[in-house]
Amino acid sequence: MAAAAKGSAVCVRAYSARPDSARDTLPGRAKVTVHALKKMHSDGKPIAMMTAYDYPTAVACERAGVDMVLVGDSLAMVALGHQDTSQVTMDEMMHHSRAVARGTRSAFLVSDLPFGAYHADIGDSVRNAVRMVKEGRAEAVKLEGGRHFVSRVDAIVNSGIPVVGHIGLTPQTAVSLGGFRVQGKSVAAAQHLVDDALALQTAGCFAMVLEAMPSLVAETITRLVSVPTIGIGAGSRTSGQVLVLSDMMGIFDRFTPKFCRRFAELAPQMDAALVQYKTDVKARRFPEEGLHTYAMPAAAEDRWREHVLSAYGLDLDRAAEPTAQVHQQQQQRSSV
Amino acid sequence: MHSDGKPIAMMTAYDYPTAVACERAGVDMVLVGDSLAMVALGHQDTSQVTMDEMMHHSRAVARGTRSAFLVSDLPFGAYHADIGDSVRNAVRMVKEGRAEAVKLEGGRHFVSRVDAIVNSGIPVVGHIGLTPQTAVSLGGFRVQGKSVAAAQHLVDDALALQTAGCFAMVLEAMPSLVAETITRLVSVPTIGIGAGSRTSGQVLVMSDMMGIFDRFTPKFCRRFAELAPQMDAALVQYKTDVRARQFPEEGLHTYAMPAAAEDRWREHVLSAYGLDLDRVAEPAAQVHQQQHQRSSV
């Protein structure tokens, strides 16, 4: 065995996830507030929003200095493996929101209210919005829907919680839209989206997500409302953009939505890393003795070998053989 | 695998995509470890994660797992108060968490719990050496078994767990020689982490071996990928492209109305709102000023 005596120094093995607040944020960036977002909007500076669904994805967003972090219910599919977003519950969304909040410092944190949380009545909507702030640690909530949801938006805003609207393709109710389809392609459909946007603004949304609509329609809305619009599949003439992190990181190697650009290709690397790990384990190349391992102090090691030989008849000096043979020999020894 | 002397490859996963990655690579065993309390949830240690949270993550991992053998950790507190608790929570982890086996930390003081869970029909993976849930009582995250007496305790733990019915056990952070001793004395597979190469298999925390945190790597871990710098670069590029309006690219990442509808839309918007979409968009502040002026005319 190659290892030199390690002495009695404490080998502190700390997990890699201990938050290090000084390093996990963009140095010198002030906290992004509703006012800061408003200023970016009036200055014509595009807002960068990104989804996160747990602590490490939140920390990555924080390090990059994205303006807004969204705990989107897309996590139902990309993190939890569901077929769509309709199954995720308030408790699950709050669990993930809390994890994201632990990694978020200066970015503005918005969390989705999941399907069903704001549908039955206004009381439900306000209660769940409050829970998302209180227990989920969000700064604002997002909910899907247009003019039919203004009473809910109004009630939540009046209870003191900022609301981000979401119109266009609304994934929670994609079934009723006929699937994940582009919205607003006709004049009539586009007009409905404009009506939705103006209604949501009147109800008090401080921003709204525009999803999967023609760029011209998104531009129209952006120029007619006085609050920031955050687009996804809505062109570059909105007030900002949002993407699903798992899509833009190439974490799923299957397909990328048309409106997404892959800024990294992580899936092939994760695959290669795991295959290499497996290969190295099978070949006993990992761990490497002395590099990844610990040893007793030399004197203790000698005493241990003697002790094990006399107590168990096990000769540690002899190179270990495949387990079956070793056990056979032990059984033979004990039956002698 | 164990009797053939073929090392077992175990890896942690904590959600659907990490489970799918393990499945694609064909690792033998997937562990929903309570290390997720720190690496996925951002807690300071593993003691805060609850049964409900562990089951939530176990379910997500199960959705991505097909052929690998799925083991989930029982969290701190779930198997401590009494045997009834231990069995109930093990059952929940299988029923609701969709695990095939459970892992719990502790040696000879936990044999009655292991025995009860095994007798209820649920396979148990033991875990001795550095036991993170109770690291405080061990004086921190320290290597165990460095003296002859300490090493003997670990051997006693291993033999006791075997007698109680563990079908495998994790050996964490101990001298390689001690892990080898245990491996050769028991007849069940040992899965090592920081325990050398002469165990029956290995396990690592995925977030460590993937370099998801760019800060440091535990001594016993090798980085098989460097993902953090790439995630950082990707997000910085995204932000840069958004600021410069270089993402999304019109035509590539966008949708359009049919040409005829587009023409009608421009006319409609001009007459209904006085908004001229042909004119290049100006910064929002100026546009709104002009709208106010128009409506006050």
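The largest pocket in this predicted model holds about 930 Å³ of space. Its lining runs to 35 residues. If you want to find the middle of it on screen, go to Ser74(A), Met77(A), Val78(A), Asp247(A) and Pro257(A), the lining residues that lie nearest the centre. In terms of secondary structure, helix α3 (75-78) and strand β6 (207-211) of chain A each give the lining at least two residues. As for chemistry, the wall breaks down into 18 nonpolar, eight polar and nine charged residues.

Next, a look at one histidine. His166(A) sits in strand β5 of chain A, which spans residues 163-168. Is His166(A) buried or exposed? Its relative accessibility is just 3%, and because the cut-off for buried is under 20%, His166(A) counts as buried. Its side chain has polar partners, though, and two of these contacts are set out here.

| Side chain | Partner side chain | Polar contact |
|---|---|---|
| His166(A) | Lys142(A) | 2.7 Å |
| His166(A) | Glu211(A) | 3.0 Å |

Both partners turn up again in the wider contact list of His166(A), which leaves aside neighbours within four places in sequence. Lys142(A) is there along with Leu143(A), Glu144(A) and Gly145(A), and Glu211(A) is there along with Pro171(A), Leu200(A) and Val209(A). Strand β6 (207-211), already met as a supplier of the pocket lining, is worth having on screen here too.

Now for the rings. How many aromatic pairs does a search of the whole structure find? Over all chains, the count comes to ten. One pair to look at is Tyr277(A) with Phe286(A): the centres are 6.3 Å apart and the planes make an angle of 55°, so the pair is classed as tilted, given that edge-to-face needs over 60 degrees and stacked under 30. Tyr277(A) and Phe286(A) are both buried. Elsewhere, ring pairs tie Phe263(A) of chain A to a cluster with Tyr238(B) and Phe247(B) of chain B.

Finally, chain A as a whole. Its secondary structure adds up to twelve helices and eight strands. The chain has 336 residues, and 57% of them are buried, His166(A) being one of the buried residues. What share of the contacts in chain A with a separation of 6 or more comes from residues 24 or more positions apart? That share is 58%.

Conventions
Residues are numbered from 1 along each chain as its sequence is written. Chains are lettered from A and ligands numbered from 1 in the order in which they are written. This is a predicted model: local features need pLDDT of at least 70, side-chain atom pairs count only at pLDDT 80 or more; totals for chains, interfaces and linings use all residues. Side-chain values use heavy atoms; hydrogens and water are left out. On a 1 Å grid over the protein atoms alone, a cavity is a set of points where a 1.4 Å probe fits but cannot get out, and a pocket is an open set with protein on both sides within 12 Å along at least five of seven lines; lining residues have an atom within 4 Å of a point. Grid points are joined across faces, edges and corners, and a volume is the space filled by probe spheres set on the points. Helices (H or I, at least four residues) and strands (E, at least two) are DSSP runs, numbered from the N terminus. Ala, Val, Leu, Ile, Met, Phe, Trp, Tyr, Cys and Pro count as nonpolar, Asp, Glu, Lys and Arg as charged, and the others, Gly among them, as polar. Rings of Phe, Tyr and Trp (its six-membered ring) pair if their centres lie within 6.5 Å; planes under 30 degrees apart count as stacked, over 60 as edge-to-face and the rest as tilted. Buried means under 20% relative accessible area, exposed over 50%, partly exposed in between (1.4 Å probe, protein chains only). A polar contact is a pair of N or O atoms within 3.5 Å; within protein, one must be able to donate a hydrogen and the other to accept it, and residues adjacent in sequence count only if both atoms are side-chain atoms. Contact means heavy atoms within 4.5 Å.
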